[in-house]
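Please look through the sequence and the model shown here before reading on. The paragraphs after it go from one region to the next.

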Amino acid sequence: MKNLSSPHKENDDFFETSSKSTEEDKILDLTLRPKKWDEFIGQEKIKRNIQIILEAAKKRGDPSFEHILFYGNSGLGKTSLAYLIAKEVNSNIKTITGTSVQKTGDLAAILTNLNEGDVLFCDEVHRLNKQIEEFLYPALEDFHLNLILGTGPMARTMDLKLPHFTFIAATTRVALLSSPLRNRFGAIFQLDFYSEEDIKEIIKRSSNLLNIKIDNEAINIIAKCSRFTPRVANRLLKRIRDFAQVEGKGIIDKEITLKSLDFLEIDEFGLEAGDRRILETIIKKFNGGPVGLQALSSASSEEEDAILDIYEPYLMKLGFIERTPRGRIATKNAYKHLGIKYNSSQDTLL
């Protein structure tokens with residue numbers, strides 16, 4: 001077997017395989033996306049709440065239902081839930097992102113092309129600019145669109161009636177949404193990290209869909225390294241599958257899983273190089289903290305948004321960092337994990 005620890009010529013086959021993965025990943029993500037409610041594993045309370053909303057709307061004969069906001073970390077299933085909702089009510093779904101709608105004319109074109117009962121899904125809704133938000137309010141409340149045609153003395157307003165539609169939005173930064181926009185949603189749901197058992201079930205389902213042979217020991221290891229996030233679990237499964245095909249016998253077992261994770265620099269807690277860099281920066285450059293977000297971003301060369309959205313939630317979930325009014329502090333568990341002697345003076349700050 002080739003040595004996985006050395007990224008030189010002997011691993012060209014693996015990198016050649018990985019270079020094809022970007023486009024393939026998009027196809028595989030669609031393949032792995034749940035098509036029915038019973039295929040969506042986890043988030044049981046949220047699923048039940050949504051089903052009640054949909055059933056009640058059906059009984060009332062409403063063409064649309066409550067506007068819904070999902071928030072939580074990336075990769076927890078917000079988009080999948082939006083697509084499941086649209087399928088449940090036999091509606092078309094149209095997708096936009098907060099950054100893709102830059103002008104009111106863009107939003108007007110989208111809204112006027114909706115049909116009765118359609119679902120409009122907006123990802124990264126916190127990135128909508130304020131002008132677009134205000135333009136959206138009457139559309140969400142009264143299904144009307146107020147257009148201003150022309151400029152100066154020749155300007156006139158036009159009130160367009162829109163079809164009844166449902167607006168579903170997703171965000172990783174709910175605190176950045178303005179209060180008026182949040183208040184337009186009839187139902188707001190927070191998606192939390194998944195349990196390890198749910199992640200195992202997701203891995204089993206994904207491996208079956210992708211025709212991957214995997215044993216239970218490998219499933220357990222991947223689940224522990226998944227950051228309690230389905231998207232991460234599926235990503236690891238696909239990468240380890242690549243290793244198994246190139247460096248092994250096409251079967252994912254304990255040995256190939258551990259070697260793959262070691263090569264990918266992912267430890268037993270699922271921490272990657274970026275996570276460890278954040279912890280080491282707090283400990284070594286700021287004596288364990290406290291440290292503010294801007295200072296941590298500059299010292300670690302990580303974007304502030306990446307720290308807030310990707311690294312910090314999981315590190316807090318593991319109990320490796322804590323947030324205090326003065327900033328972020330590395331805990332005793334973080335020192336222990338990195339093999340660094342603990343600074344006992346931090347006890348007064350925790």
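The lining of the second largest pocket is made up of six nonpolar, five polar and six charged residues. In this count Ala, Val, Leu, Ile, Met, Phe, Trp, Tyr, Cys and Pro are nonpolar, Asp, Glu, Lys and Arg are charged, and the others, Gly among them, are polar. The model is a predicted one, in which local features need pLDDT of at least 70, side-chain atom pairs count only at pLDDT 80 or more, and totals for chains, interfaces and linings use all residues. Residues are numbered from 1 along each chain as its sequence is written, and side-chain values use heavy atoms, with hydrogens and water left out.

The second largest pocket holds about 430 Å³ of space. Its lining has 17 residues, and those closest to its centre are Ser74, Arg227, Val232, Arg235 and Ile310. Three elements give two or more residues to this lining: α10 (230-247), α12 (273-285) and α14 (304-318). Helices (H or I, at least four residues) and strands (E, at least two) are DSSP runs, numbered from the N terminus. Which element gives the most to the lining of the second largest pocket? It is α14, with five residues.

A pocket and a cavity are found on a 1 Å grid over the protein atoms alone. A cavity is a set of points where a 1.4 Å probe fits but cannot get out, while a pocket is an open set with protein on both sides within 12 Å along at least five of seven lines. Lining residues have an atom within 4 Å of a point. Grid points are joined across faces, edges and corners, and the volume is the space filled by probe spheres set on the points.

The structure has one cavity of 30 Å³ or more. The largest cavity contains about 30 Å³ of space. Around the largest cavity stand Ile96, Leu107, Cys122, Leu128, Ile132, Leu136 and Phe167. The lining of the largest cavity has seven nonpolar residues, with no polar and no charged ones.

Now turn to the strands. Two strands pair if DSSP finds at least two bridges between them. Strand β3 covers residues 119-123, and four of its five residues are buried. Buried means under 20% relative accessible area, exposed means over 50%, and partly exposed lies in between (1.4 Å probe, protein chains only). β3 pairs in the parallel sense with strand β2 (residues 93-97) over five bridges, and Thr97 has Asp123 of β3 as its bridge partner. β3 is also joined by five bridges to strand β6 (residues 166-171), again in parallel. In that pairing, Val119 is matched with Thr166 of β6.

The link between β2 and β3 involves a helix. Together, β2, helix α5 (residues 104-112) and β3 form a right-handed β-α-β unit. Right-handed means that, with the strands pointing away from the viewer, the path from the first strand over the helix to the second runs clockwise.

Within β3 lies Phe121. Phe121 counts as buried because its relative accessibility is 1%. Leaving out residues up to four places away in sequence, Phe121 touches ten residues' worth of surroundings that include Ile93 and Ile96 as well as Ile168 and Ala170. Contact here means heavy atoms within 4.5 Å. The C-alpha atoms of Phe121 and Ile68 are separated by 9.5 Å, although these residues lie 53 residues apart along the chain.

Strand β1 (residues 68-71) pairs with β6 in the parallel sense over four bridges. Leu69 stands opposite Ala169 in β6. β1 also pairs in the parallel sense with strand β7 (residues 187-190), over four bridges. The bridge partner of Tyr71 in β7 is Gln190.

Some backbone details remain. Gly289 and Pro290 are joined by a cis peptide bond, with omega about 5 degrees, and Pro290 is placed in the loop between α12 and α13 (293-300). Asn211 is not a glycine, yet its phi is positive, near 55 degrees. Asn211 sits in the loop between α8 (196-209) and β8 (213-214). Is Asn211 buried or exposed? Asn211 is exposed, since its relative accessible area is 71%. Phe228 also has a positive phi, of about 55 degrees, and its place is in the loop between α9 (216-224) and α10. Phe228 is buried, with a relative accessible area of 18%.

Last comes Thr257, in helix α11 (residues 254-263). Thr257 is buried, because its relative accessible area is 0%. Apart from neighbours within four places in sequence, Thr257 is in contact with Ala218, Ile221, Ile222, Ile240 and Ile252.
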